[in-house]
Amino acid sequence: MPLTAERAKPAVPFGGIYRLIDFALSNIVNSGYLRVVVLTQYKSHSLDRHISKTWDMSRMLGNYVAQVPAQQRMGKNWYLGSADAIYQSLNLIYDERPDIVVVVGADNIYRMDFSQMVQAHIESGARATVAGIRQPLSLADQFGVIEADPADPRRIAAFREKPSDAVGLADSPDEVLVSMGNYVFDADALVEAVRRDAEDDSSRHDMGGDIVPGFVARGEAALYDFIENDVPGSSDRDRDYWRDVGNIDAYYEANRDLIHVVPVFNLYNDEWPLYTGYTGLPPAKFVHSSADRIGLAVDSIISPGVVVSGSEVHGSIVSPGGRLNSWSRVTDSVLLDDVHVQRRAQVNRAILDKNVVVEEGASVGLNRELDLARGFTVTPSGITVVPKGMRVGVDTVTPDPRW
Ligand SMILES: Nc1ncnc2c1ncn2[C@@H]1O[C@H](COP(=O)(O)OP(=O)(O)O[C@H]2O[C@H](CO)[C@@H](O)[C@H](O)[C@H]2O)[C@@H](O)[C@H]1O
């Protein structure tokens, strides 16, 4: 919050021109899997619009990315959880009759070749395979924590969803092995598991909380270590990069991982392209170069349709349609679509959601107490978030009546 107040998390803009879901979908299609369904529910309008505008693959060969909202086919419920979303959509599996189903979350930033994971799944003989990555022990309560079988590290001996008492790994006590929320299933085993789960009133109907632990208990679950995944064109720095952007600080840091000279996550790998919607906007433009009034951007991403007019931008991500006026300054910030920073305004360590206007002479992110008093979210690490469509004046904050 507040970035997900009016949109599903996978529809949150990221890295200037992308939405979070573009990373999962790009990985899937680059892996060669071209029959994809996206199960949507919560405030999914902007997600649906993005998928239908962007992910329109040729149907001639039977390929598709189709969004499937909760349809109440099985009863009066919306999706009760991620496992119930699959249960309610089983007709798609019956129609397509695949041998294997790849299930992935839609809100992480990474590159991954799922075909390598599917190959490992087939070779292991397991019925379910879970992708795992090492993360700090301090984050264990945000993830599914995996214990590999000491006798056979490719088998999962135990799996606990978001435990508060996880123990570090023997060879690295400050780390745990966690689930990336990406799974490969034998299709018949997945169908059976979600059907059984639907009849269990004590279940939360969650993939990580219920389905995966069931496979583990039956001795049918394998581990796929993400470190084995070899994505074409990866740099030494961004190999094995994976970020869960489940809170504002993580989202902010992941955006900033894009802008270093040698980026922590490299958008410019054309061997594993990241696809997104074509905006049809004109190129970014930079104007003014007199002594006190210069239009420039460094260590930054500037998207199409942006005009940097006598404004200085440092360490920031500016999304399509931004307008940055003279003598303004934007530092270490993430500006979503169509933000307007007017003359002499200042923005520092802030996330400005779509259509925010920072009026002439106003500032955001320079004074924590002022930002809190104005009702903005300020994260533990001091990032100020201004919600969609707000007009921030020197002394006032008002919702823009146009939005
Ligand atoms: N009702 C519903 N209908 C449709 N889609 C839904 C849904 N509920 C959730 N989703 C989607 O399912 C994916 C997983 O999200 P969840 O909120 O279920 O789990 P979380 O991300 O906390 O943990 C999961 O992902 C982390 C890694 O990020 C793992 O460690 C952990 O084990 C795993 O449960 C997301 O893409 C989400 O949008």
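This passage describes the ligand site, a pocket, a cavity and two backbone features of a predicted model.

The ligand site comes first. The ligand is surrounded by 23 residues. The closest are Ala106, Gly144, Glu161, Lys162 and Ser179. By class, the shell around the ligand holds 9 nonpolar, 9 polar and 5 charged residues. Glu161 and Gly144 are also partners of ligand oxygen atoms, as the next distances show. In the side chain of Glu161, an N or O atom lies 2.6 Å from an oxygen atom of the ligand. With Gly144, the partner is a polar backbone atom, and the distance to a ligand oxygen is 2.9 Å. Asp206 takes part through its side chain, where an N or O atom is 3.5 Å from an oxygen atom of the ligand.

How much of the ligand does the protein cover? On its own, the ligand has 710 Å² of accessible area, and the protein covers 75% of this. Several elements build the shell. Helix 3 (82-87), strand 9 (152-161), strand 10 (175-186) and strand 12 (242-244) each give two or more residues to the shell. The largest share comes from strand 10, with 4 residues. Glu161, among the closest residues to the ligand, falls within the bounds of strand 9 (152-161). Ser179, also among the closest, falls within those of strand 10 (175-186).

Empty space was examined next. Rolling a probe the size of a water molecule over the atoms reveals where such space is left. The second largest pocket contains about 460 Å³ of space. This pocket is lined by 20 residues. Closest to its centre are Arg19, His50, Lys53, Thr279 and Asp337. The lining divides into 7 nonpolar, 6 polar and 7 charged residues. Strand 2 (18-19) and helix 2 (45-54) each supply at least two lining residues. Helix 2 gives the most, with 4 residues.

Where does the second largest pocket lie with respect to domain 1 and domain 2? Domain 1 (2-257) and domain 2 (285-399) both contribute residues to the lining, so the pocket lies between them.

The model also has a closed space. The count comes to 1 cavity of 30 Å³ or more. About 90 Å³ of space lies in the largest cavity. Its lining consists of Arg111, Phe226, Asn229, Val231, Ser234, Asp238, Arg239, Asp240, Tyr241 and Phe265. By class, 4 of these lining residues are nonpolar, 2 are polar and 4 are charged.

Two features of the backbone remain. Most residues other than glycine have a negative phi, and most peptide bonds are trans. The peptide bond from Met1 to Pro2 is cis, with omega near 0°. Pro2 sits in the segment before strand 1 (13-14). The other feature concerns phi. His205 is not a glycine, yet its phi is positive, near 60°. His205 belongs to the loop between helix 6 (187-198) and helix 7 (207-217).

Technical notes
Residues numbered from 1 in each chain as written. Predicted model: local features only at pLDDT ≥ 70, side-chain atom pairs only at ≥ 80, totals over all residues. Heavy atoms only, no water. Near = heavy atom within 4 Å. Polar contact = N/O pair within 3.5 Å; in protein donor to acceptor, adjacent residues only side chain to side chain. Areas by Shrake-Rupley, 256 points an atom, 1.4 Å probe, with all protein chains shown as cover. Nonpolar A, V, L, I, M, F, W, Y, C, P; charged D, E, K, R; others polar. 1 Å grid on protein atoms, 1.4 Å probe; cavity = no way out; pocket = protein on both sides within 12 Å on 5 of 7 lines; lining within 4 Å. Points joined across faces, edges and corners; volume = space filled by probe spheres on them. Domains from an automatic or database assignment.
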